[in-house]
Amino acid sequence: MKTRMLVLWLAVGIPLLWGVTKTLENALKLFH
Amino acid sequence: MTSSLFDRESTIAPPGYNRFLVPPAALAVHLSIGQAYAFSTFNLPLTKLIGISHAAPGDWKLTEVGWTFSIAIVLLGVSAAVFGRWVERVGPRLSMFTAALCFGGGFLVAAMGLHFHLLWLLYLGYGVLGGCGLGIGYISPVSTLIKWFPDRPGMATGMAIMGFGGGALIAAPLSLLLMDHFKTAASNGVLETFVTMGVIYFMFMMIGVLAVRVPAADWKPAGWVPSERPQQLVTKANVLVDVAWRTPQFWLLWGVLCMNVTAGIGVLGQASPMIQEIFSGAVSPAAAAGFVGLLSLFNMGGRFFWAATSDYIGRRNTYMVFFLFGILLYSLVPTLGHLGAKGLFVAAFAVVISMYGGGFATIPAYLRDMFGTMNVGAIHGRLLTAWSAAGVLGPQLVNYIRQFQIDHGVARAQAYSITMYVMCGLLLIGFLCNLAMRPVNDRYHHRASGQAGLRP
């Protein structure tokens, strides 16, 4: 159950984290 | 075997099942369909399918392509309203699978539209079929999450609906990456990107389809005892969907959602030109794109933050904060613009957009409080027509007011002031709807015998 939990959360967490990072990189241009 | 996989009974969780396995299943669907918010990344490339690097004669116009998103948002509301009861009946797995077929298939049909250069096929694929996927996918996990988290319904639905906001953050860079990858001398890469995204999103949504479980009828979180203290705006009764939409509470909530979304969506759609025109010369197009990205982050974060907060301060109070604080911030924006206070201007809009996202994410728990859990998914589906109405009303209102002022000689930098005050007016209407909220009359309640409450 714990492995399944980890896999599921990673499956949705990694793409989301990638999207947030890309957006933050873009957002920082506002303050340059 | 196929039918047993999708039967509601086969999705009932065994004893000891960890309920925190369900939010990622819901997120897999919402992160996918949230791509809709990033559809604008395709707008310009879709106008250059023939010319590749420039718009050639025969290429579609931007206004024609723009209808694709509008059709999808209208179909989102319509399909959520029409299929809500079916989603409740068949359960989350079959409805999430249907959403995956519609959304993924919508991309593939739209890709055929690009291949044959048929605009109606693009509308049919992404707009109609994809729009149905959006609506069914949006409401599919909501009532399941509310049943798994009776102690924290706001947090649970906020987590899923946060995914819808987060979907755009993934889809925007992914679309650009794929179009760049597939670009050749003979293609600008949009067609290939549509096919790839259709397959990726279908597979990603299938993670949710296979992982989702519903709790057993008598299941309760370990150690959780429902509060015996009566709460004025939290019912223990249930109202059926066909009865709910006849109550004044349904239409008051419709007004609450519509006004909150109209105010936010109008500004969100105009964020880039707005900041460039208000701070003329001080904000480059790249910085303005950064502003839009920042708003997207707050849109996503606000969905979780405000919905989770509503579990502690109550749904009605949460919307009171949205409307009162929103009125204050919108009325301050013109002054901040005149003063050239860019940082405060950005901060004000970040908070406003967090409350826009929060409005979406808190509404399922508000519905559960007013109408009970029995038909909450279907009622939520019908309420989402408010979103469709706001999706048309908000951008039109902002565009029209801005253009009217510019046509009458108002400087571009000042053209948004009246718009902000109109937004305050909309939020005031929402505030009054929320203020008028009272518990649903007993006569509407569902009886244990299976009969709906007395007709009004």
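**View 1. Where the two domains of chain B meet.** In chain B, 32 residues of domain 1 are in contact with 30 residues of domain 2; two residues are in contact if their C-beta atoms, placed from the backbone, lie within 7 Å. On the side of domain 1 of chain B that touches domain 2 of chain B, α4 (62–90), α6 (119–139), α7 (142–148) and α8 (153–182) each chip in at least two residues. Sorted by class, that side of domain 1 has 19 nonpolar, 9 polar and 4 charged residues. Here Ala, Val, Leu, Ile, Met, Phe, Trp, Tyr, Cys and Pro count as nonpolar, Asp, Glu, Lys and Arg as charged, and the others, Gly among them, as polar.

A quick note on the model: it is predicted, local features need pLDDT of at least 70, side-chain atom pairs count only at pLDDT 80 or more, and totals for chains, interfaces and linings use all residues. Residues are numbered from 1 along each chain as its sequence is written, while chains are lettered from A and ligands numbered from 1 in the order in which they are written.

**View 2. The two domains of chain B.** Domain 1 covers 2–211 and domain 2 covers 241–444, with bounds from an automatic or database domain assignment. Their centres, taken over C-alpha atoms, sit 23 Å apart.

**View 3. Chain A and its contact with chain B.** Chain A has 1 helix and 0 strands; helices (H or I, at least four residues) and strands (E, at least two) are DSSP runs, numbered from the N terminus. Its C-alpha trace spans about 45 × 10 × 5 Å along its principal axes. The contact between the chains takes 19 residues from chain A and 23 residues from chain B. On chain A's side, you'd find 13 nonpolar, 3 polar and 3 charged residues.
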